[in-house]
Structure formats: C-alpha cells, structure tokens
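Work through the exercises below with the sequence and the coordinates at hand, and try each task before reading its solution.

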Protein chains: 2
Amino acid sequence: MEECAALYTDLQVFAMVDAYLDEGMLDEAVFSLFVQQLPPGLNFLAASGLEEALRSLETLCFPREALDYLASLQCFSDRLLGYLERFRFSGEVSAVPEGTPVFPQEPLMEVVAPLPEAQLVETLLLHQLHLPTLTASKAARVVLAAGGRPVMDAGLRRMYGLEVGTKMARAAFIAGVQGTSNVLAGHRYGLPLVGGLEHSFVQAHEDELESFRAFSSGFPEMALRVDTYDTLRGVQYVIRLAREQGEGFRVRALQLSSGDLLALSRAARSLLDEAGLQRMKLFANGPLDEASIAWLLEQGAPLDGFYVGPALSVSPDVSALEIAYKLVSYAGKDRIKLSSQRALYPGRKQVFRMDEGGTARRDVLARHDEALPGRPLLRPVMRGGLRLEGACPPLPEIREYAQRELEHLPPELRDLKRSQPAYRVEVSPVLAWTREQLIDAWAASP
Amino acid sequence: MEECAALYTDLQVFAMVDAYLDEGMLDEAVFSLFVQQLPPGLNFLAASGLEEALRSLETLCFPREALDYLASLQCFSDRLLGYLERFRFSGEVSAVPEGTPVFPQEPLMEVVAPLPEAQLVETLLLHQLHLPTLTASKAARVVLAAGGRPVMDAGLRRMYGLEVGTKMARAAFIAGVQGTSNVLAGHRYGLPLVGGLEHSFVQAHEDELESFRAFSSGFPEMALRVDTYDTLRGVQYVIRLAREQGEGFRVRALQLSSGDLLALSRAARSLLDEAGLQRMKLFANGPLDEASIAWLLEQGAPLDGFYVGPALSVSPDVSALEIAYKLVSYAGKDRIKLSSQRALYPGRKQVFRMDEGGTARRDVLARHDEALPGRPLLRPVMRGGLRLEGACPPLPEIREYAQRELEHLPPELRDLKRSQPAYRVEVSPVLAWTREQLIDAWAASP
C-alpha cells in the first residue's frame, strides 16, 4: 500500500490539478493549514507531526503503478500523467515548531509553491498534522491531570491501526507522556517502552500465584496485573510471593484495571503497607481520561501513575479537529472565502506571541511581513522542497521545548476544570483591513 | 515502517510469550475476539475487516531488523528471538463473514493456536477488525438515514492517516456507501471513485463563473461546489453557464457544503427548476451525520445525495468500540475472567441466529459443539495458517451479502430514532452452566 501512497488523495484534487495545467495556472500559491475552532474538550492545541510531514513532502512521487491506475480511470489528460511522473515538491514551507501551543486560526503551517504542487499535497499534509496535533493536545491534558505522576501510553489495543498507533505514541511523548507499550513506536522513534502483565497470562495458568511467579522471574520490572479474578486476592498473592522470595523479590509495581479504582487502590495500598511493601507502586490502567484521573487524585487515591488508552488521542470528547488547508493567495493576490461562518484571513501570515512575566498572554495574527512586538511563531522549515537545518530537532529536544511552552500557558488554560477560558488572538489592523478590502471588492463584482 | 509491522504490539506480549516458552506452555489456546458492549450511538454492529486480518496472519513474520531491535532491549531471551525468527502463524481461525450484523459478546472471530502464537497476534487482529467493524456499523446507519439516496465517502480529509482512510473506505462500501473520493482506496479495492470541485479551485480564479467553466470543461461529471462566496450567486453562475453552453452543457450535480442546507437547497432547487435545469442534482457535503441527514430529509430538503465525512467512521458519538481479545481456553480447559462487570464466557463458541419470516429475531451464544436450531454464524476461515477457499469472497459479493443481512434486521434496530431496542442474545444453558461451574471451582480454590 505504501508503494502508492501518492494516490492517497481525493479524486477531485487530480482533476483540479489537471485543469490548472490546462489553464496554465502555475503561479505561486499560498495555502494555510490551521484549525478552525477548538473542540469543546480542549483549551489549547499543541502542534505536532511536522517532522513526518516534511519527510513525506521530500519523498512524494508517483511510481509507475500509481500512474497506470490513474490512466486506467480514463478521465485524466496525458499532460497530468506526465506532470505527475516528473513530480517532486519544490516549494517553501513555514511552520510552528512541534510542541508549540497554538489556537484556532493560527497557521500550523504555510505552504508556498506553484499552485498544482501546493494543491496536490493537501491531503498528505492534513493527515500528517491532524492526528499528532490532536494527540499532543489531548495528551497534554492527561499529563496535567496526573499532576507529575507518570502517564504511560497504553492506547495501542483500541487504536485504529499501525500508522495511527505509532504516530500517536510519538505525539503523546512530546506532550509529556513517559513511555509507550508500542514496540514499533519504540523502534521507530526511540521512545521508552513500558508494559504490564495481561489477564490472558494469568488465565492461562492453573493458579494466579504461579502466573505471578513465572512472569516476575523473567520480567520483574514490568507491573503485575492483579485483577484477573479478584483484585485484593491478587494483591494477597503478590504479598505471598514477596514473603516466599524475601530478598530476591524484585516486583516494583502492580496494575489495577477494573472495578472501583478508588476503593481498590486504597485497600491494596493498605494491604501492601501492612505487609511491609511500602515501596510497591500502584498504577491504574483502563478507560481513564483526564477527568477520571483528576477525580481519583482529588479523592486521594494512592495511585502512582497511569496507563492511558484512547483518551490520549481520539476519544469521544475530541474525536477530530476541524483542521483545514485553505488557499490564501494566488499569483501574488490575496484570496478569501466567504460562505462559511468562519473568517478566512488572506495572504501569508505570521503569529506574534506576547509574553508577560514568562506567561503567554495574547497572540496577534498578522501579515507575514509585519514587524510587530512579540515572538514570531512561524519559522521557515523547508525551501526548494528540502528541509532546512534545524527544522526537525531531535525528539528529546522537541519534548523539552513542548514542556516549557506548555508550562508558560496562562494558568487558566491549564486548569482542566475551565472550559475554553478566553485567550486573546487578535487580528492585526493591517490584516483585518486587507480582508475587508477583498470583501468589498467581491461585493462590488458583477 | 511496514517492514517492521510485526513489532506493532505491546511490550508485555513479547514478555508473556518469552515466559510461555520458558514454562513450555505451548498447548492449544482459544481466544475470542468480540465487542463487549454497544456504544450508545449504535443498535447493531456490522462485522468487517476479515480479509486483511487473514492476509496479515498469513504474512506475519519477524525480519532481521525487528529481531535486532528486540535484542537491543536486552530484556528478552535468545529463546524468544529464535522463536520469533522462525515464526509463522499455524493456527485455525473461525469468523463471521464480513457484513454480518453482530451483537456484543458474539465472537467476530475465534483463534485456535499454540498459546504463544495466539497471544502474539492479539494487537494485529484487534487492529484489523476494530476500525472496519466500527466503520461498517456507523456507515450502515448513515446509509439508512439517506433512505435510498446515494451516500459517498468524503471522509479522507479528517481521517487519521492513509491506512485508516483507506480501510475505512472499503468498510463503508460494504455497508452500502456508493463510492469514495479516496483514490488509493479505489486502486486498492476497486471502489467506485467520486468527487466534486473544491473551494480552492474557485478561489484561485479571478472569477467564479470562469472557474466553473474551466473545471466543467474537463470534468463535467464531477459536482460543482457553489458555496465558495455565496451559494445562490454560485447557482446563478451555473445557470448562466448552462445558458451560455446550451446543448454542450454537461454538468449534472452541484454540491452545497455550508450555511443552512435546508433553506439553501430549497432556494437552489427553485432557481434551477425555473431555469429549466430540473435534472441537475443537488448533493449535500459537510459535517453531516445520520441525524442531520434524517432531519434534512424529514423537512423535505430537495437533496439527491450526501457526501459524508468522519460520521461514516469515527465520530464523537462512536469514537471506538470496546473490542477485546480474550483467552477462553487453554490446553483443553475452559477459562474465565471475573473482575470485570462483563461476563466472559468460556471455551470455543458458535452463534446461532434464529430467523422468523426473513427477519433475524434472536441469537443464541453456545458452545461450538452444540447443535442448536438457527443459522450458525461462525465459519472456519483459516486452517494451518492458510486461508480456506471461500473465506474471502470478492468485495461486491460481500457488499451484497451485507445489504441483505442488514435488511433482515428487525425494523426497530434499523430505526435510527430508537436507541438500542432489545435484541435477544441468549446464552445456551450448557454454556451458562459451564461458566458457573468454573466460577464455583475458582471460589473454592485456596
């Protein structure tokens, strides 16, 4: 399937490119990639996915098999097929660094390229940035809820496939998650791997204690899951094993994944403490999200960390972002779109972030050539179809940067109980004026 | 990434397999793959994803790169690495045919294989069946809502990546969707391709009428999108183009994607009819789901079809299924799990569906060797690691079968306004008794 990845786009995109070629519309276009609106469950977005987006721009091409298939549809011109055969992305890209908190209307990325090229990469770029940005945004909330306790990605089972599960692990790591159970993500991105015993292992044994003995002899650093049959009975077996093995006992953590986690974690903690196992950690697993984690901790659940599943990424409260890739300029002329309720601001842009005392206080969305106070967020990352040096720092650096930037958000945005408190994203007077001029011109047209 | 797809599993799975090998636990295991509970937005599930699941079982292996990575983690034995190097799945699989309506607790698939093998394929199988089953189940509702009008998959932009967007297109097609805009899915599965003009094309032109003229000259069979600036003005341009071109005018459909679709479709219809364009179709596009489609049609919106996005698959109301892969037997002995509220029934199973007058009326979940009245839903699809003939019929056949089966669901389950009306899934007395015996034995154990 990867062979023909270049076909992964909407039919009409090839049709539009064919028409552009026919009309000779090869001038420079600017497309802005941004999120139109915050979903109810988020107070901010955390940009992610840039590195793979740039890699896929660098490698995008149409192999023979793809061209043959397009030809077989008998609706495209030879001109289009020839163009695709020679296609390499040659454009310029600016983007906010991965891990940067962003808000609706602020471009995550801008693409400047001949119109057919910029149009062809639409689906590709939306896909590369959507899920990672969604995941980093959601995972940042879960990490906040855990209040410093480790959060681990255990979302693999309920994810939507290899590609999604693996990209999600990377984005969650950027947002502060400590490790993943996804071995492929470990291999691909060098992420720390974590894991804990599953119920099936316990079930396969005749006896729960025996299963703990067998597993912990080889993998003492992985958590034991004690709730296959009865959680507290499971804890008792662990205590029995500890007594049996004495100094040789090396299990360090247990996982609770079902039932009343508050009551069970308290009871388990007591049993362990009474047995002298004060250093044994208790991790929660299961369908946890930021709300349930915050609630458990507020109630004083003695939990030392959390294995989280889909809530780190796609979840019922935020299943998708309203992400868009819109034409804002063609052949040097600014472009707008009007029918939607949501304003589309014309032209290349820059976002200036104003900090006060180390806290981000407001942003200004401006034309790219304005010189305004504040930190400019968009940086050049690709030129002539090639990544610029420094565009993709090593993952640990991205994570560190993201942690710092997330900490600099206003406290009210980091408060999980506040739903979308105001964060000012102003539109620069020049940009606002440009848009109004275009609307007036459109209204006056025949 | 595909190279090391075999690494796409949880760390603990390799640990458990290593421990099984150490203990010599190589006997036959049975795992059931099923959905634990219907999410609120669904009245039934439609099984999907079997063909790729079987293909990936046939091809699963651990290339050198994967083995080297596992070795680098320095926690696994050479015994495990040697086992993985030689690994080929040799087991037996039964499954319900793709397109079959199923209910919670009913196995979509059962795997019978030596314990380490059956354990190793857990994540793989969950991934192959989860999203397609979720999509087919959701898409079937959208198709029902459209009441015979064509539904097209336009979900690519907001999907989570190439793999997901492509598998989703296939599953939606099985559920009755007529085509997709995803060219890769068209290539891969032979799906009919559909598409319509995008806003960017209109924006790139100086003049909307000119953009319609340019696009429709090459692609008259693709719908024109008329709402880039002002929907009814867009419709007027189409009418002007029709007058200008007379007999040569070949545009057959318009797309509306923003604003008040009810009012705009009515106004657009009137304008078109007055202009003698009664045969021009009006399609809706945008963030539609089964509820909004049903509402528009109830209000009498003159819409001829729907381009639907994420609502065909993952959407806020149903972002994931509680899909599980559970051990139910090892070495000839039935297994249970108790801590969760949800019953796990032991042993290999069969589902018998009782029809009355062509309508499915109730199912019985039974042991696999029971002979009960009704249609058995689970069929052997793989033996010795190889697909059986007939396990994967051609896609059009699967779609036809799915349509027939979905039509045979009780009307109350097909009623979108009813939320999870009762459909009886009984547990056979033998199966219920087997489970109780196991619980009693567990309770009596030390």
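The exercises that follow concern a predicted model, and each one is paired with a worked solution.

**Exercise 1. The outline of chain A**

Describe the secondary structure of chain A, the box that its C-alpha atoms fill, and the share of its residues that count as buried.

Solution. Begin with the secondary structure, which in chain A comes to 16 helices and 19 strands. Next, take the extent along the principal axes, where the C-alpha atoms of chain A fill a box of roughly 85 × 55 × 35 Å. Then turn to accessibility: of the 446 residues of chain A, 63% count as buried. Finally, consider the contacts in chain A between residues at least 6 apart in sequence, of which 75% join residues at least 24 apart.

**Exercise 2. A salt bridge between two helices**

Find which parts of chain A are tied together by the salt bridge of Arg79(A) and Asp18(A), and state whether each residue is buried, partly exposed or exposed.

Solution. The first step is the distance: the closest N and O atoms of Arg79(A) and Asp18(A) are 2.9 Å apart, which lies inside the 4 Å cut-off for a salt bridge. The second step is to place the partners, and since Arg79(A) belongs to helix 4 (residues 78-85) while Asp18(A) belongs to helix 1 (residues 11-23), the pair ties together parts of chain A that are 61 residues apart in sequence. The third step is accessibility, where Arg79(A), with a relative accessible area of 38%, is partly exposed, whereas Asp18(A), with 2%, is buried. As background, side chains of opposite charge can pair when their charged atoms come close.

**Exercise 3. Helix 2 and its charged partners**

Decide how far helix 2 of chain A is enclosed, and then trace the salt bridge that Glu51(A) forms.

Solution. Count the buried residues of helix 2 of chain A: seven of its 10 residues are buried, so this helix is largely enclosed by the rest of the structure. Among the buried ones are Leu50(A), Glu51(A), Leu54(A) and Leu57(A). Now follow Glu51(A), which forms a salt bridge with Arg170(A), their closest N and O atoms being 3.3 Å apart. This pair links distant parts of the chain, with Glu51(A) in helix 2 (residues 50-59) and Arg170(A) in helix 7 (residues 162-174), 119 residues apart. Both Glu51(A) and Arg170(A) are buried.

For the corresponding step in chain B, look at Arg170(B), which forms a salt bridge with Glu98(B) at 2.8 Å between the closest N and O atoms. Arg170(B) sits in helix 7 (residues 162-174) of chain B and Glu98(B) in the loop between strand 3 (92-95) and strand 4 (101-102), so the pair ties together parts that are 72 residues apart in sequence. Arg170(B) counts as buried at 5% relative accessibility, and Glu98(B) is buried with a relative accessible area of 6%. Returning to chain A, salt bridges that share partners join Glu51(A), Arg55(A), Glu98(A) and Arg170(A) into one network.

**Exercise 4. Where the two chains meet**

How many salt bridges does the rule find across the interface of chain A and chain B, and how many residues does each chain bring to the contact?

Solution. Start from the residues, for the contact takes 102 from chain A and 102 from chain B. The area buried between the chains is about 9,100 Å², and carbon and sulfur atoms give 58% of that area. The rule finds four salt bridges across this interface, and Glu206(A) forms a salt bridge with Arg335(B), the closest N and O atoms being 2.9 Å apart. Across the interface there are also 41 residue pairs in polar contact. On the side of chain A that touches chain B, the largest share, 10 residues, comes from helix 1 of chain A. The residues of that side divide into 54 nonpolar, 27 polar and 21 charged.

**Exercise 5. The surroundings of one serine**

Locate Ser428(B), and say which side chain makes a polar contact with its own side chain.

Solution. Ser428(B) is placed in the loop between strand 19 (424-427) and helix 16 (429-444) of chain B. At 0% relative accessibility, Ser428(B) counts as buried. Its side chain makes a polar contact with the side chain of Glu370(B) at 2.6 Å. Beyond its neighbours within four places in sequence, Ser428(B) is in contact with residues including Val364(B), Ala366(B), Arg367(B) and Leu372(B).

Technical notes: Residues are numbered from 1 along each chain as its sequence is written. Chains are lettered from A and ligands numbered from 1 in the order in which they are written. This is a predicted model: local features need pLDDT of at least 70, side-chain atom pairs count only at pLDDT 80 or more; totals for chains, interfaces and linings use all residues. Side-chain values use heavy atoms; hydrogens and water are left out. A salt bridge is a side-chain nitrogen of Lys or Arg within 4 Å of a carboxyl oxygen of Asp or Glu. Helices (H or I, at least four residues) and strands (E, at least two) are DSSP runs, numbered from the N terminus. Buried means under 20% relative accessible area, exposed over 50%, partly exposed in between (1.4 Å probe, protein chains only). Contact means heavy atoms within 4.5 Å. Buried area is the accessible area (1.4 Å probe) that two parts lose on being put together, summed over both. A polar contact is a pair of N or O atoms within 3.5 Å; within protein, one must be able to donate a hydrogen and the other to accept it, and residues adjacent in sequence count only if both atoms are side-chain atoms. Ala, Val, Leu, Ile, Met, Phe, Trp, Tyr, Cys and Pro count as nonpolar, Asp, Glu, Lys and Arg as charged, and the others, Gly among them, as polar.
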